[in-house]
Amino acid sequence: MTLNEIMNSSGSDKGDQIGAKHNYTPIYEKWFEPHRDADVKFMEVGVDFGQSVKGWQSYFTRAKIYMVDYANFTHLNNERVTFYQGNQSKMEDMVRVSNQVSDLDFFIDDGGHCMDHQQITFGAIFPKMKSGGLFF
């Protein structure tokens, strides 16, 4: 299945059929596909209702997936998914989260959608990216 098909079937608005139909998947897949079955570290800020978590688990067959949101989604934790609760608008929360990870291959900021939140997140998370990692 393509990433678009996976996200649509997971109920995520990242595809081209659900909710806002953002259709981000063709862009993501261009960069992610060569690493689909690799041992990558992937982080996303913004869980919404957890739809994309299911999609990322299906798409990345061996990835370690880290999710961050201000609401508690610890029920999504499993052997490949680790959830961190934190408010993207608070530097101390994002630093606390960033201290738990290193060598991230991929990062997606789909959280608060506010420039100041994005700047805080970038400042805390970007130093934890692998050389050559991708920050979306």
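**A tour of the fold and two positive-phi residues**

Start with the whole protein chain: its secondary structure comes to five helices and five strands (DSSP runs numbered from the N terminus, H or I of at least four residues for helices, E of at least two for strands). This is a predicted model, where local features need pLDDT of at least 70, side-chain atom pairs count only at pLDDT 80 or more, and totals for chains, interfaces and linings use all residues. Residues are numbered from 1 along each chain as its sequence is written, and side-chain values use heavy atoms, without hydrogens or water.

Colour by secondary structure. Along the sequence, the pattern reads α-α-β-α-β-β-α-β-α-β.

Zoom out. The C-alpha atoms fill a box of roughly 40 × 30 × 30 Å along the principal axes.

Colour by accessibility next. Of the 136 residues, 46% count as buried (under 20% relative accessible area; exposed is over 50%, partly exposed in between; 1.4 Å probe, protein chains only).

Now select Asp103. Asp103 sits in the loop between α4 (91-98) and β4 (104-109). Its phi is near 55°, a positive value in a residue other than glycine. Most residues other than glycine have a negative phi. Asp103 counts as partly exposed because its relative accessibility is 42%.

Move on to His113. This residue lies in the loop between β4 and α5 (115-125). Phi of His113 is also positive, near 60°. Buried or exposed, which is His113? His113 counts as exposed, because its relative accessibility is 53%.
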